[in-house]
Amino acid sequence: MTDETPPEQPPFDEAEYRRRQRSRANLMGWILGGLAFLFFFITMARMVVPK
Amino acid sequence: MAQSLTHGETALPADWRDLFALTKPRVMSLVVFTALCGLLAAPGNVHPVLAFSSILAIALGAGASGALNQWYEAGLDAKMKRTAGRPLPAGRLDPQTALQFGVGLAAFSVFLMLFAANWQAAALLTVSILFYVFVYTMWLKPRTPQNIVIGGAAGAFPPLIGWVAATGSVAPLPVLLFLLIFLWTPPHFWALALFVRSDYAAAGIPMMPVVAGETSTRRQILFYALIMAASAIAPWPLGYTGALYGWAAVVLSAVFVLLSVQVGTRRTGEGDGMRPEKRLFAYSIAYLFILFGAVVADHWWPL
């Protein structure tokens, strides 16, 4: 009988995990901030533009 | 939050670069440009913030369509050299993330258009996204060599949406611009399909050169180039544009037809470099950019 060993996986890279998490959190922050500004300016623009 | 690259129980979050690549940024540049030209060529003035937001909505809608297209075609993309490096077939992103990203972006783009412009533009944007995903990607592309002829309508929407975002109504000129992109799509894509034919054949996509053969494809490129040239020039004699656009359309279309004649009348052998086809493909992109630039220039400085 032979022992079946599962295929070896590379070690989990926690630094890469944290880097990606941080980069996505930063990006999300910038996008949400940008959208807040955009929606504010759209509202202002719609108030000055006659229907 | 969506995750990718599963590693046992733990998963790495998707990299934003892969999500960006999912939106087909190069295709998006042409979409944004033609939409901007449609918006700028429309009568009246649009508030810069509302114009920017409308174009952003169109760009996000195009990005969402690209993401949903890549989600659906991940299996096919893996079989083609040209697309095997995309995030999904390369395994850098999981399909669930791509689907959530595409649907979320599509919904947001329509909401932004509704908020910044009008319901007519939002409705057109919705139709263009649904048409690209359901009619072109899921229905036509895997079934018929006419896929890009009918599916070309999806890429023809942006100038029409830009115009409607600015005015709230449809007019003959943006419809002619829609027709121009619609007729431009077959020679543009078939020129590409001729030099990546083996890729499409390997993936089992019934592109025209794979199904009907090279000779028939070349003849059809020439046919579509001729009617495209007629539709490109049409706005001038019909009185919707001036001489500046008219002469630009005449000269640029003449070159397009000449390059199409080269492609349409030649035969290739083993190891052919396909230079005329590559030249036509590259020129077709420049053609659309310059012609749409001429629409705006003509609107601003009529001769």
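Here are some worked exercises on a predicted model of a complex with chains A and B.

**Exercise 1. Get an overview of the two chains**

Task: Find how many helices and strands chain B has, and what share of the residues in chain A is buried.

Solution:
- Start with chain B, which has 13 helices and two strands.
- Turn to chain A, whose secondary structure is one helix and zero strands.
- Now look at burial. In chain B, 48% of the 303 residues are buried; in chain A, buried residues make up 2% of 51.

**Exercise 2. Decide how far to trust the model**

Task: Work out where the pLDDT of chain B is below 50.

Solution:
- Begin with the whole chain: the mean pLDDT of chain B is 92, with 96% of its residues at 70 or more.
- Then find the weak stretch, residues 1-10 of chain B, where the pLDDT is below 50. In the model this stretch still has 27 contacts beyond near neighbours in sequence.
- Keep a caution in mind: where pLDDT is low, the predicted coordinates should not be read in detail.
- For the complex, the predictor gives an ipTM of 0.77 and a pTM of 0.87.

**Exercise 3. Describe the contact between the chains**

Task: Name the elements of chain B that give two or more residues to the side touching chain A.

Solution:
- Count the residues: 13 come from chain B and 14 from chain A.
- Place those of chain B: the elements giving two or more residues are β2 (10-13), α3 (48-72) and α5 (95-116).
- Sort this side of chain B by class, which gives seven nonpolar, five polar and one charged residues.

**Exercise 4. Judge the overall form of chain B**

Task: Explain why chain B counts as being as compact as a globular protein of its length.

Solution:
- Take the radius of gyration of chain B, 20 Å.
- Compare it with the globule rule, which gives 19 Å for 303 residues; the two are close, so chain B is as compact as a globular protein of that length.
- Add the dimensions: along its principal axes the C-alpha trace of chain B spans about 65 × 55 × 25 Å.
- Finally, look at how the chain is joined up. Among contacts in chain B between residues at least 6 apart in sequence, 72% join residues at least 24 apart.

**Exercise 5. Check three helices**

Task: Compare the expected and actual spans of α13(B), α2(B) and α3(B), and find what packs against α13(B).

Solution:
- Helix α13 (residues 275-300) of chain B has 26 residues, so at 1.5 Å a residue it should span 38 Å; its end C-alpha atoms are 37 Å apart, which agrees.
- The 17 residues of α2(B) should span 24 Å, and the end C-alpha atoms are indeed 24 Å apart.
- For the 25 residues of α3(B), 36 Å is expected and 36 Å is found.
- Buried residues of α13(B) include Leu280(B), Phe281(B), Ser284(B), Tyr287(B), Leu288(B) and Leu291(B). Recall that an α-helix has 3.6 residues a turn, so residues three or four places apart point the same way.
- The buried residues of α13(B) pack against α2 (25-41), α8 (172-195), α11 and α12 of chain B.
- In α2(B), the buried residues include Val31(B), Ala35(B) and Leu39(B); what covers the buried residues of this helix includes α3, α7 (147-167), α8 and α13 of chain B.
- α3(B) is mostly covered, with 21 of its 25 residues buried.

**Exercise 6. Explore the nonpolar core**

Task: Find which element gives the largest share of the largest nonpolar core.

Solution:
- The largest nonpolar core has 99 residues, and Leu39(B), Ile58(B) and Leu291(B) are among those with the most contacts inside it.
- Its largest share, 14 residues, comes from α8(B).
- Follow one member outward: Ile58(B) touches residues including Val31(B), Ala35(B), Leu125(B) and Ile161(B).

**Exercise 7. Look at two positive phi values**

Task: Place Lys24(B) and Met274(B), and say why each counts as partly exposed.

Solution:
- Most residues other than glycine have a negative phi.
- Lys24(B), in contrast, has a positive phi near 50°, and Met274(B) has one of about 55°.
- Lys24(B) lies in the loop between α1 (16-21) and α2 of chain B, while Met274(B) sits in the loop between α12 and α13 of chain B.
- Buried would need 20 or more other C-beta atoms within 10 Å, and exposed 12 or fewer. Lys24(B) has 18, so it is partly exposed; Met274(B) has 16, so it is partly exposed.

Definitions and conventions:
Residues numbered from 1 in each chain as written. Chains lettered and ligands numbered in written order. Predicted model: local features only at pLDDT ≥ 70, side-chain atom pairs only at ≥ 80, totals over all residues. Helix = DSSP H or I, 4+ residues; strand = E, 2+ residues; numbered from the N terminus. pLDDT = per-residue confidence, 0-100. Contact = placed C-beta atoms within 7 Å. Nonpolar A, V, L, I, M, F, W, Y, C, P; charged D, E, K, R; others polar. Rg over C-alpha atoms; globule rule 2.2 N^0.38 Å. Expected span 1.5 Å × (residues − 1). Core = buried A, V, L, I, M, F, W, Y, C linked by C-beta atoms within 7 Å.
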